[in-house]
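Open the model in a viewer and keep the selection tool at hand. The stops below go from the whole chain to single residue pairs.

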Amino acid sequence: MTDRSATFNILKLVKIVSLSLLFVVLVCFVAATLRTLTFDVNAGLQLAHWEKTNNIASDINQHQRNELLENFREAIRIPTMSTTKTQLNITALGEFDSLLRKVFPTVFSSHLVQHEVVANYSHLFWVPGSDLALVPYMLLAHIDVVPADENDGWEAPPFSAKEMDGFIYGRGTIDNKQSVMGILQALEYLLIRGYSPQRGFFIGLGHDEEVSGLQGAMNIVKVLKKKGVQLAFILDEGLAVLDGVISGLQGPAALIGISEKGKATVKLSVFKAPGHSSMPPRESSIGILAGAVKRLEDNPMPILFGEGPERRTFEHLAHRFGLPIKFVMSNMWLFSPLIGRVMERSPDTNAFLRTTTAVTMFNSGVKVNVLPSLAEAYVNLRIHPAQTVQEVLEFIQSTVGDERVKIELVDGFDPLPVSSYDETSFGFQTIKKTLLDQFPQVTVAPGLCIGNTDSRHYTDLTKDIYRFTPTWIRPGDTQRFHGINERISKENYEELVVFYFNLIQNCDIKELPSPHSAGHEL
């Protein structure tokens, strides 16, 4: 073969490869464009004909409005703080019990409602339905709150329930007494108006959720298991309505948590013989441990975007973005790696991409001139749904890479299973319908809850657990969770009461309607 013919063949091959690549790019672009123009997974059953349309109207007069707000303020004023698993404000929990009985007399006296106190301070309510063939559901909330100190910079004392500019300030206003009071207030109004459910339901109010729910939630579960209870779905706290929080999104989004991250606490420790600081060794226990911690921070867990429910969040919201973001969000199959790289730049969005690693405690030393024998650090990890506790431990072991560093799992649990959210999902679609009836401007999407809730203890009772409250979160509000100036607007609290009032009634159907169209991609 001559040099000329060889060159010709190489050029021909390059041309074929280039044209093939161009054709593939063109096909991908056309497919992505068509998908962008037609992609909408959020329509669901919105236009379908629902079986139940004659709900009791949720009209709230001015007297009731004043009443429900004052009831809520009283709840906020009681400092039901959980500090540790053994340090609870039991006096406040007792006061809260008395408050519930005082402000919801119909709930506690109705022949329709069965009530029992669990583990001294938690509450379990059972409202039987008239149709025993319908599987019951459950609403969860928690009574306790994290500690709060006015000296941290609160604009109003954290247990004052002070009203300013239409907001009620106080610890528990958004985590989670708004649900506790909202659920019972809705039930109180329904019972007063003669309501009797077709589908039975439970209400569980835990008293120690902020310290893992080992007494409240776990004992409620034991009671339900003894009764042989199985549930259609559970609704607990978790995600919320985000308004102006997601950059570029047109309108507010209600994210319903369909899973939550796992958690692990890992202890790292280094032991060396103690000595005098005047004769230091080449490496101290502190130095060795500091190096291990630095390696963990420099080598984060892998990006797992697209391998968990977070991908479906973006796909459900895609149609509410403008171009070019809509083009990207509608084609996660093509752009997932790019989106992951962009999202990892911010701590707020990085948490949805991977298992996060946070070094939260570092202890060593007893005196300035003594070389410490022991150095230890605690690492808190929130585990992405695509990983397990064991995989996380193996990653830490390989990253630290030092046999002198002892690695121990203090406690932990795997991520929660992903609940259903398609057009056959009774719980998800009923919650979604209730939301859209009340807030038609909202886009509903499944989401990943990066915190943990009491609902994780209930996985043996149902396969579908949802984490959502219709609390409106606007820019800056996310810092109020467990932070200072926690607050909720008076209007939003009333909306919560109405939401639960309607949700309870909307569950009184035997089955979901057929979708109005089979053309939507799921």
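Of the 522 residues in the protein, 51% are buried. The model is a predicted one. With everything selected, the C-alpha atoms fill a box of roughly 95 × 75 × 50 Å along the principal axes. Colouring by secondary structure brings up 14 helices and 19 strands. Turn on the surface: the accessible area comes to about 23900 Å², and carbon and sulfur atoms hold 55% of that. Among contacts with a separation of 6 or more, 81% are between residues 24 or more positions apart.

**Stop 1: residues 253-260**

Select strand S10, residues 253-260; eight of its eight residues are buried. Which strands pair with S10? Add S9 (residues 234-242), which runs antiparallel to S10 and is joined to it by two bridges. Then add S17 (residues 443-449), which runs parallel to S10 with seven bridges between them. Now show Ala-254 in S10: opposite it in S9 stands Val-241, and its bridge partner in S17 is Val-444.

**Stop 2: residues 262-271**

Move along the chain to strand S11, residues 262-271, where nine of the 10 residues are buried. Select S15 (residues 374-383) as well: 10 bridges join it to S11, and the two run antiparallel. S16 (residues 406-413) is also antiparallel to S11, with seven bridges. Thr-265 is the residue to centre on here. Its counterpart in S15 is Asn-380, while in S16 Thr-265 is bridged to Asp-411.

**Stop 3: residues 285-298**

Next select helix H7, residues 285-298, and put a distance between its end C-alpha atoms. The distance is 20 Å, which agrees with the 20 Å expected for 14 residues at 1.5 Å a residue. Show the side chains of Ser-285, Ile-288, Leu-289, Ala-292, Val-293 and Leu-296, the buried residues of H7. Where do they lie around the helix? Look down the axis of H7: the buried residues fall within an arc of 135 degrees, so they line one face. The spacing fits a general rule: an α-helix has 3.6 residues a turn, so residues three or four places apart point the same way.

Keep those side chains on and display what they pack against. The buried residues of H7 pack against S11, S15, strand S13 (356-364) and helix H12 (389-400). Two of these elements, S11 and S15, are the antiparallel strands joined by 10 bridges at the previous stop.

Definitions and conventions: Residues numbered from 1 in each chain as written. Predicted model: local features only at pLDDT ≥ 70, side-chain atom pairs only at ≥ 80, totals over all residues. Heavy atoms only, no water. Buried < 20%, exposed > 50% of the residue type's maximum accessible area, 1.4 Å probe, protein only. Helix = DSSP H or I, 4+ residues; strand = E, 2+ residues; numbered from the N terminus. Pairing = 2+ DSSP bridges. Expected span 1.5 Å × (residues − 1). Arc of directions from axis to C-beta. Contact = heavy atoms within 4.5 Å. Areas by Shrake-Rupley, 256 points an atom, 1.4 Å probe, with all protein chains shown as cover.
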